[in-house]
Amino acid sequence: MPGLKEGSGLLFLPICGGKTAMGSESRINVALDGMSKLACVQLVSCVGSRTYAFKIHSLWDTEGPGVVGVLKREGAERVWVDLKLHDTPDTVALRAKAVRDAGGDIVTVHAAGGVEMMMAAVENGPPEVYAITVLTSLSEEEAHLLTGQPAKAAVLTRARLAKLATAAGVVCSPNEVSLLSKRPELKGLTRTTPGIRIAGQAAGQQARFDTPEAAIKAGADRLVLGSAVTKAENPAAAFDAIEAEIAKALQEMGGA
């Protein structure tokens, strides 16, 4: 990441200027994707508990469960282990338990695995289990081919299954979050939205995406952001700018 260099024995910390977040709980999850342990530790110590959670997957794979404790010692309020579990209920129960035992706070499962599988994660895993509905990297056409339904219909079906399984929340793209926010039968499910891109940022692998402001106004409870923060010259200032955009959206919505 800019500001952080490894390999020569010299370490340059990222610029961490920025104000301390005050007031209500953060709506931002920061994805630590494809980063070294050293870079992750420095970013967590820079932004710290200002996020809702730090999301990891490759770091869990390369460093093992102990990395959860490392991030928490550096100031992470919560650690989200993004395993996207999709297997038999017994296997999912064991893997979710491993996340819980490591001190993880959130784990993801694929809603396509069914109610029993999701319940196994809820009963054995960390405090929050999020159900992945339809991956944001899938286009509308691909989602339809894979699920046999339009993306919005598939997301709604899978969100209903997640609710039956008593999952804490669902993960969906900005394209579908408005639909879920209006369904009374889904009340209580947290809606977390990846596929977030700040204005002018390249879409990358995301096929169904939008800006922080648009996602919040559509009904997202929390957002997942990666490179907009992790690759910024000043991660804390980038975080501040996104928080300001979210606050503006909420104010325009009447302080929702």
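**Exercise: a salt bridge within a helix**

In this predicted model, Glu252 has a relative accessibility of 46%; classify Glu252 as buried, partly exposed or exposed, and then describe its salt bridge with Lys248.

*Solution.* Step one is to apply the cut-offs: a residue is buried under 20% and exposed over 50%. The 46% of Glu252 lies in between, so the residue counts as partly exposed. Step two turns to the partner, Lys248, which is partly exposed at 43%. Step three is the contact itself: the closest N and O atoms of Glu252 and Lys248 are 2.7 Å apart, within the 4 Å that a salt bridge requires. Step four places the pair in sequence. Both residues belong to helix H11 (residues 235-252), and because they are four residues apart there, about one helical turn separates them. An α-helix has 3.6 residues a turn, so residues three or four places apart point the same way.

**Exercise: a salt bridge between distant parts of the chain**

Determine which parts of the chain are linked by the salt bridge of Asp221 and Arg191, and state whether each of these residues is buried or partly exposed.

*Solution.* Begin with the geometry: the side chains of Asp221 and Arg191 approach to 3.7 Å, N to O, in a salt bridge. Next, locate the partners. Asp221 is in the loop between helix H9 (212-218) and strand E8 (222-225), whereas Arg191 is in strand E7 (residues 190-193); the pair is 30 residues apart and links distant parts of the chain. Finally, consider accessibility. Asp221, at 24%, is partly exposed, while Arg191, at 16%, is buried.

**Exercise: the salt bridges of the whole structure**

State how many salt bridges a search of the whole structure finds, and name the residues linked in a network.

*Solution.* The search gives 17 salt bridges. One of the pairs joins Asp101 to Arg100 at 3.4 Å, N to O; Arg100 is partly exposed, with 36% relative accessibility. The network of salt bridges links Asp33, Lys55, Asp82 and Lys84.

**Exercise: aromatic rings and charges**

Identify the aromatic pair found in the structure and classify its geometry; then state which charged residues lie over the ring of Tyr52.

*Solution.* The search of the whole structure returns one aromatic pair. Its members are Trp80 and Tyr130, with 5.2 Å from centre to centre and 90° between the planes. Planes over 60 degrees apart count as edge-to-face, and this is the class of the pair. To place the rings, note that Trp80 lies in strand E3 (residues 79-85) and Tyr130 in strand E5 (residues 128-132), so the pair ties together parts that are 50 residues apart in sequence. Trp80 is buried at 2% relative accessibility, and Tyr130 is buried at 1%.

For Tyr52, there are two charges to consider. Arg78 lies over the face of the ring, at 3.8 Å from its centre. The charged end of Arg222 sits over the ring of Tyr52, 3.6 Å from the centre.

**Exercise: the cover of helix H1**

Work out how many residues of helix H1 (residues 37-47) are buried, and which elements the buried residues of H1 pack against.

*Solution.* Count along the helix: eight of its eleven residues are buried, and H1 is mostly covered. The buried residues are Ala39, Cys40, Val41, Gln42, Leu43, Val44, Cys46 and Val47. Cys40 has a relative accessible area of 0% and is therefore buried. The packing partners comprise strand E1 (28-31), strand E2 (53-56), helix H2 (58-63), helix H3 (67-73), helix H10 (227-230) and H11. Just after H1, Gly48 adopts a positive phi of about 60°.

As a contrast, take Ala241 in helix H11. Ala241 has a relative accessible area of 47% and is partly exposed. Its C-alpha atom is separated by 9.9 Å from that of Val229, twelve residues apart along the chain.

**Exercise: the chain as a whole**

Give the number of disulfides, and describe the chain by its helices and strands, its buried share and its contacts.

*Solution.* A disulfide requires cysteine sulfur atoms within 2.5 Å, and the count comes to zero. Cys172, like the cysteine at position 40 in H1, is buried at 0% relative accessibility. The chain contains eleven helices and eight strands. Of its 256 residues, 48% are buried. Among contacts between residues at least 6 apart in sequence, 66% join residues at least 24 apart. The chain exposes about 11,500 Å², of which carbon and sulfur atoms supply 53%.

Notes. Residues are numbered from 1 along each chain as its sequence is written. This is a predicted model: local features need pLDDT of at least 70, side-chain atom pairs count only at pLDDT 80 or more; totals for chains, interfaces and linings use all residues. Side-chain values use heavy atoms; hydrogens and water are left out. Buried means under 20% relative accessible area, exposed over 50%, partly exposed in between (1.4 Å probe, protein chains only). Helices (H or I, at least four residues) and strands (E, at least two) are DSSP runs, numbered from the N terminus. Contact means heavy atoms within 4.5 Å. Accessible areas come from the Shrake-Rupley method with a 1.4 Å probe; for residues, only the protein chains shown count as cover. Rings of Phe, Tyr and Trp (its six-membered ring) pair if their centres lie within 6.5 Å; planes under 30 degrees apart count as stacked, over 60 as edge-to-face and the rest as tilted. A charge sits over a ring if NZ of Lys or CZ of Arg is within 6 Å of the ring centre and within 35 degrees of the ring normal.
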